[in-house]
Structure formats: C-alpha cells, structure tokens
Amino acid sequence: MNDYKNFVGLGVAGNFALHLEQAGESADFKDVITEDPNGPKGMFPFYIPGRTGQLGVYPISHDTILLPHEACNVQPEPEVALICDLAYDDEGNITNITPKFFGAYNDCSLRVEGAAKISHKKNWGEASKGISSTLIPIDTFGKGGVMERYRIASFLRREGMLMRYGEDVELTGYSFFYGKLIDWMKNQINSQIDFGPLEAIKSYLKEAHNPTQAIISIGATRYTHFGETNFIREGDEVIVVVYDNDKYCMNPILSKANKGELMEQEGISALVQKVTCA
C-alpha cells in the first residue's frame, strides 16, 4: 500500500511492562540509562522516506506479512500506532507531535541475536509491517479522550485454529501515554544519540527534509504464553484488533475474529495479515 510513503516511521521500545523480557531483547538495552527505569528505553526508525538502504524500503501493508528470504524467527508485535503531525523549529528540533488518528498495528520483528541496532530487526523489505486500513480519529490525546475506552488484543490463526497471541489490555496500560509520552518522544527524537541499539533519529529526519507526518508505533504489548513461544510461518494469519470496550467485551471480539467479521465494524480498528513467503 502507498498510503504512507511520505510519512516517517518511528517506534517506541520498551513502553509496556515485561515485553522486552518476553521478546528476549532486554539485554540489548543493558547499557542504556533512562531517567525512569519503568519507562521506554528509546525510539527507533523503521522507515525513512527517500533514504538509501534498507530504511528507505516502504514496509507497510494492510493485509500481508512477507517472510524474509533467509531462515529466521519472525514474531508479530501487537501495538497501537499513532498517525501524527510533526512540527519543527528553525534548527530542526521537534517542537510538537500531534496525534490525529490511532489504530491496530503490527511491528513484526526478526528475532536474531547480534543485531547492532533495533531497526535492523524491523524492516527487512516490503510488507514487513502492518497497519489497519481503519483508523480512529483522536478527539483529545489525554484523559477523557476517546482512547480511554479502547483495548488491544491479538490472535493467530493456524491450520484453522484461532489462538490468543497477545494479552487483552487497556491502551492506558502503556507505561508512558498521553502528554507524558509526547514530551518524552519530543525529547528523545531531539536528543537521542547513536549508542548501543539506538540511532540518532534527528539526523535521519533532517536528511529526509523534516517530514511533517509520521506513523509512530508506541510499544508492543505483552504476549500470551502461546505468543511468546510461537513464531509465525507461511499460511498463518495474524490479527491485531483495537476495540471500544464500551461497545464490546472480549468474547464478542474473539467470536468476530474467529468468524472473520472484524473489518468495517463501528468502534473497531482491525489488522488482518496473511503470512506468505517472499
């Protein structure tokens, strides 16, 4: 899909308790010191429009995950993505990040040891990421806003069986959310240096002529035991659903997922991706 080819793609690492440990990635950040030990560890790029090399390859799909050519473990990361407007000052510093929409997102990742940067695990080519084609407008990115009502869940369909892949959790369960997340992201983009698994994002934005729109994935949620111990393979179907808890509880969502009835439902942003080989 070409919807977001001019958007920069960024992600937040470690913004949900215990995810990094489940993904086997906590050791990657052993030398990264953060002000809040319970907060995110850093930000990473997954797509920089116009850039040469792997980060310049457009990775977004609404319906497909293409497995890499090389044999390795690939694991979905169920997340919420924010569609944001970005503003800069004359020196190229981010002055404002304004979330406009949110939706279901799959930050699908390679589970490989020894990757120098987070981004090396994130974009291996076309259709290595996913975002729902149904996005929900944000009235206020703060307490009392629409996101207060929403939860996220995820499933994997394999050989006709539907299994829960990620835990069903409130969006407000993110470690940093609302204004605290915005302030942290602005500071992180402006000040993050090339160190350990992290990269100097501000310089990437400058090279891309300071894009004014972004997809920002705000952190993967926790896995179920099945999700933590099972990687995807050809023929699987990955489902991430963000749903209005005032309209639905878990059982109807599970039923709709099982019947393939999540798409174009009021109060639901769903991403359904078929896993195929490149």
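R158 is buried in this predicted model, with a relative accessibility of 9%. This residue belongs to strand 11. Its side chain reaches the backbone oxygen of F231 at a distance of 2.8 Å. Apart from neighbours within four places in sequence, R158 is in contact with M163, F226, N230, F231, I232, R233 and D236. F16 lies elsewhere: 142 residues separate R158 from F16 in sequence, and their C-alpha atoms are 26 Å apart in space.

S154 also has its place in strand 11. The relative accessible area of S154 is 3%, which makes this residue buried, since the limit for that class is under 20%. Opposite S154, in strand 12, stands G166. The side chain of S154 reaches the backbone nitrogen of G166 at 2.8 Å. With neighbours within four places in sequence left aside, the contacts of S154 are P78, M163, R164, Y165, G166, I239 and V240.

Strand 11 covers residues 150-158 and is joined to strand 12 by seven bridges, the two running antiparallel. In general, strands of a sheet pair through backbone hydrogen bonds, in a parallel or an antiparallel sense. Both strands belong to an open sheet of five strands, ordered 4-15-14-11-12, in which the pairing is mixed. Which strands stand at the edges of this sheet? They are strand 4 (64-67) and strand 12 (161-170); each has a single partner strand, so one side of each is left without a neighbour in the sheet. On average, neighbouring strands here are turned by 20° against each other, with direction ignored.

Strand 13, residues 213-220, is another element to follow in the model. It is mostly covered, with seven of its eight residues buried. Two of its pairings are listed below.

| Strand paired with strand 13 | Sense | Bridges | Example of bridge partners |
|---|---|---|---|
| Strand 1 (residues 8-13) | parallel | four bridges | G9 and I215 |
| Strand 6 (residues 78-88) | antiparallel | six bridges | E79 and A220 |

The nonpolar interior comes next. The largest nonpolar core has 56 residues, and the members that touch the most others are F102, M147 and I216. Helix 2, residues 178-191, gives the most to this core, namely six residues. For M147, contacts beyond neighbours within four places in sequence are V80, L82, F102, I138, F141, L171, F177 and Y178. F102 is thus both a contact of M147 and, like M147, one of the residues that touch the most other members of the core. A second core, separate from this one, has 15 residues, among them A13, Y47, I118 and I215. I215 is also the residue of strand 13 that is the bridge partner of G9.

The cysteines remain. How many disulfides does a search of the whole structure find? The search finds zero. Such a bond would be a covalent link between the sulfur atoms of two cysteines. C277 is in no disulfide, and the nearest cysteine sulfur, belonging to C72, is 11 Å away. A disulfide is counted only when the two sulfur atoms are within 2.5 Å, so the 11 Å between the sulfur atoms of C277 and C72 does not qualify. Is C277 buried or partly exposed? C277 is partly exposed, with a relative accessible area of 42%. C249 is partly exposed as well, with a relative accessible area of 43%.

Technical notes
Residues numbered from 1 in each chain as written. Predicted model: local features only at pLDDT ≥ 70, side-chain atom pairs only at ≥ 80, totals over all residues. Heavy atoms only, no water. Pairing = 2+ DSSP bridges. Axes fitted to C-alpha atoms, helices over the stretch in contact; angles between N-to-C directions. Buried < 20%, exposed > 50% of the residue type's maximum accessible area, 1.4 Å probe, protein only. Polar contact = N/O pair within 3.5 Å; in protein donor to acceptor, adjacent residues only side chain to side chain. Contact = heavy atoms within 4.5 Å. Core = buried A, V, L, I, M, F, W, Y, C linked by side-chain atoms within 4.5 Å.
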